[in-house]
Protein chains: 2
Amino acid sequence: MGDGKISRRELLRLAGAGGAGLTLGAGGYAAIRGTADAAAVPGSSTVPFFGRNQGGIATTQQEHMHFAALDLITDDAAEVRDLFRAWTEAGARMAQGDPAGDENYSQFLPPEDTGEAFDLHPANLTLTFGIGPSIFEKDGEDSLGLAGTKPEALAPLPPLTGDVLDEARSDGDLCVQACADDPQVAFHAVRNLVRIARGIAVVRWSQLGFGRTASTSKTQSTPRNLMGLKDGTNNIKSEDTDLMGRFVWVPDGEGPSWMAGGTYLVARRIRMLIEVWDRVSLSEQETSIGRHKYSGAPIGKENEFAPVDLSAKDENGEPLIAEDAHVRLARQNEDERILRRGYSFTDGFDAERGQLDAGLFFISFQRDPLRQFVPLQQRLAANDRLNEYIRHTASALFAIPPGPREGGYVGEDLFRGI
Amino acid sequence: MGDGKISRRELLRLAGAGGAGLTLGAGGYAAIRGTADAAAVPGSSTVPFFGRNQGGIATTQQEHMHFAALDLITDDAAEVRDLFRAWTEAGARMAQGDPAGDENYSQFLPPEDTGEAFDLHPANLTLTFGIGPSIFEKDGEDSLGLAGTKPEALAPLPPLTGDVLDEARSDGDLCVQACADDPQVAFHAVRNLVRIARGIAVVRWSQLGFGRTASTSKTQSTPRNLMGLKDGTNNIKSEDTDLMGRFVWVPDGEGPSWMAGGTYLVARRIRMLIEVWDRVSLSEQETSIGRHKYSGAPIGKENEFAPVDLSAKDENGEPLIAEDAHVRLARQNEDERILRRGYSFTDGFDAERGQLDAGLFFISFQRDPLRQFVPLQQRLAANDRLNEYIRHTASALFAIPPGPREGGYVGEDLFRGI
């Protein structure tokens, strides 16, 4: 231990020595993680960190999210590149259930990992790193010298009807989306990545999410959002590889080469006016969404997955699905499909309004936000009957580079020339 | 459906009709809850709602918490009594995995349940209802006419050294602690109870917690808090019925009769100065707590559960456990033991400090806060080496009445004379 480092094997020994109930097995920190209650830790499985695409997009959606947006405090692109290198290394470790860095027992050095996930399963942790429009131009300056590589698709979102955006909770130079089936695993990942960024970037805002509000795999059931409605019935599923290619992944030759295999992330903090919603009738709730509340089926149908027939009429010749129903407006144009992957949130109590501050942290992934998310949301913002019950309170857009190759790092092709 | 009501059986039919993958079984809403992913929903088991003690105290600690404090907006004690009756009825239903009230399909009435937990397991939901000192006297007035029944043990906590309390996040006339192994189940319970309180009480503050920071059963392993430290190794466990009787439950004849079988809840929002903690050496971290970080064993020992020997010396004759170590100060007096049941929290990013707003939402249950929590915390507040890394930012105290009998309601003996 003369160099202040301790091997993983030695840590295992030390941990095992204290270990009522420890189950030691094959190598890696994951091997000492048999202590937590099986019922409380949904899984010891992992999601691959390296590959063509980053995790946390098409991979099966987990139950918990911690999202952080950061602002750079450097104008040296080499430092940003080194940050992505360090994030990639730590992220690959944590996705395996290992600590962010090797431990040490120095009298003088802080631990390389903050420790709160030592006994927890990997819980399918995924980390999704993103790059905001502002790293290419901020206050009219291209301080990193990267403006020449900016994708057209990363143009800042235009103002959208009805937006009441809190700038302090919006945008950001970089982002990290951590998703896991254990919230402490997601928190731990963000905290250690933020720590690694010290001196290069600082947190601008962060958001905790629980209870996924979409499914990204046909193996998952449709969850309910905090309006009590099934959400994301017609979401693109990762098994739909044709749709993923058409609507989510940036193909080779579209935009700068560093984005091939990547995608774009839109985040919208949508506050629900829960107390208002809870006072309106079931009928009004169902009319607003265009689906039955309990079954999730389109109005007039019985099966959640029944096709939405926008032309169906009732016995009086009125449309079964109202002209301003969410499901009608959200489905008008088959060119605007997006992959949703949001979470419910509550940030306590809003003293100003005297109401719970809760809603949906909407996340979507798409090949081109300006051609998919923006026209879709403009139409919803103008006419959606649900608007009476929601407010978009924050917004952010990030380019999500392709997944790192083993031995490489996220964003490698962007920073290659530096 | 002429009266706008729908039977549970009918709801089952309606839900079943839309049900790809529904597994219908024996009666109750719980029967339609087979849709969520088994891996993501830790359990379909329930905790009894009725009995000598309320749940959420000695019952096995769950992984998630939503806590709300409310203030009364009535001075009619009968309305408060009726609220506890309604809360008891809804609470008993939700603890079984049922909605808060019977559903209806009226065109004009809102649903009796907000719906976001329809497809979820009961997830061991417990609800713990409490009564704050202020219902007996507020601004010098005894507006409810209950002052004669106030327990001496419910005296407001005295100012404690180092407190930096946010009044808006402290105290409250009433409280609800909802704990479950699914955060959406806990959120749903609080939201529906708050809704039922409309016109009688409004939320004063609320707090979301994840990752239990204590164990209340010998069947559970010791979790880690956000300092990365095992927390609550020497907590009282529910199996220690002698200790529970001595330190937690109010016995017959101690204070007013309505509290027999009850206890007192102290909540402290303890913010951790995470960025500071993360920069100090492992040695300083271990010295501060008086335990080894990885194993949780007392300094110089190898087993987490090894007795803490406060007199042990190192080779130089210095105490192995520092004079200001947390574990030394927290254990000096065996008359001050408490049952801990706290959670980790993060409330996003604190723009003022530029740091994560995260820490420990400490909850303890004890027979008499003034003889247990207060002297213990005074000693810690004055000398604990951990103080450099934490701030107590909110505080609350509630009397927790005994559990309701079947057919009765929480607080029945307090409100009997009204």
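In this predicted model, the crossing of helices α2(B) and α3(B) is right-handed. Four residues of α2(B), namely A86(B), W87(B), A90(B) and M94(B), make the contact with A189(B), N192(B), L193(B) and I196(B) of α3(B). Sorted by class, this contact between α2(B) and α3(B) comprises 7 nonpolar residues and 1 polar residue, with no charged residues. The geometry is simple to describe: the axes of α2 (residues 77-95) and α3 (residues 183-196) of chain B come within 10 Å and cross at roughly 155 degrees. Angles over 145 degrees count as roughly antiparallel, and α2(B) and α3(B) are therefore roughly antiparallel to each other.

A closer look at each partner helps to place this pair in its surroundings. Helix α2(B) is built from 19 residues and reaches 26 Å from its first C-alpha to its last, close to the 27 Å expected at 1.5 Å a residue. The buried residues of α2(B) are V80(B), L83(B), F84(B), W87(B), T88(B), A90(B), G91(B), M94(B) and A95(B). W87(B), A90(B) and M94(B) thus appear both among the buried residues of α2(B) and in its contact with α3(B). The cover over the buried residues of α2(B) includes α3 of chain B, together with the strands β1 (64-72), β2 (126-131) and β4 (201-212) and the helix α9 (412-415) of that chain. Just after α2(B), G97(B) takes a positive phi of about 90 degrees.

Not every position on this helix is enclosed. A78(B) is also found in helix α2 of chain B, but A78(B) counts as exposed because it has 11 C-beta neighbours inside 10 Å, and a residue is exposed if that number is 12 or fewer. A78(B) also takes part in a long-range pairing: A78(B) and I418(B) are 340 residues apart in sequence, yet their C-alpha atoms are 6.4 Å apart in space.

The partner helix, α3(B), has 14 residues and reaches 20 Å from its first C-alpha to its last, close to the 20 Å expected at 1.5 Å a residue. Of those 14 residues, 13 are buried, so α3(B) is largely enclosed by the rest of the structure.

Chain A offers a matching description of its own helix pair. Here the axes of α2 (residues 77-95) and α3 (residues 183-196) of chain A come within 10 Å, crossing at roughly 155 degrees; α2(A) and α3(A) are therefore roughly antiparallel to each other. The crossing of α2(A) and α3(A) is right-handed. On the α2(A) side the contact is made by A86(A), W87(A), A90(A) and M94(A), and on the α3(A) side by A189(A), N192(A), L193(A) and I196(A). The residues of this contact of α2(A) with α3(A) divide into 7 nonpolar, 1 polar and no charged.

The wider setting of chain A can be summarised as well. Chain A contains 9 helices and 9 strands, and 55% of its 418 residues count as buried. Among the contacts in chain A with a separation of 6 or more, 75% are accounted for by residues 24 or more positions apart.

Elsewhere in chain A, D242(A) lies in helix α4 (residues 241-247). D242(A) counts as exposed because it has 8 C-beta neighbours inside 10 Å. D242(A) and G232(A) are 10 residues apart along the chain, and their C-alpha atoms are separated by 19 Å.

Definitions and conventions. Residues are numbered from 1 along each chain as its sequence is written. Chains are lettered from A and ligands numbered from 1 in the order in which they are written. This is a predicted model: local features need pLDDT of at least 70, side-chain atom pairs count only at pLDDT 80 or more; totals for chains, interfaces and linings use all residues. Axes are lines fitted to C-alpha atoms, for helices over the stretch in contact, and angles run from 0 to 180 degrees between N-to-C directions. Helices (H or I, at least four residues) and strands (E, at least two) are DSSP runs, numbered from the N terminus. Angles under 35 degrees count as roughly parallel, over 145 as roughly antiparallel, 65 to 115 as roughly perpendicular and the rest as oblique. A crossing is left-handed if the near helix is turned anticlockwise from the far one by less than a right angle, and right-handed if clockwise. Two residues are in contact if their C-beta atoms, placed from the backbone, lie within 7 Å. Ala, Val, Leu, Ile, Met, Phe, Trp, Tyr, Cys and Pro count as nonpolar, Asp, Glu, Lys and Arg as charged, and the others, Gly among them, as polar. A residue is buried if 20 or more other C-beta atoms lie within 10 Å of its own, exposed if 12 or fewer, and partly exposed in between; C-beta atoms are placed from the backbone. The expected span of a helix is 1.5 Å times one less than its number of residues.
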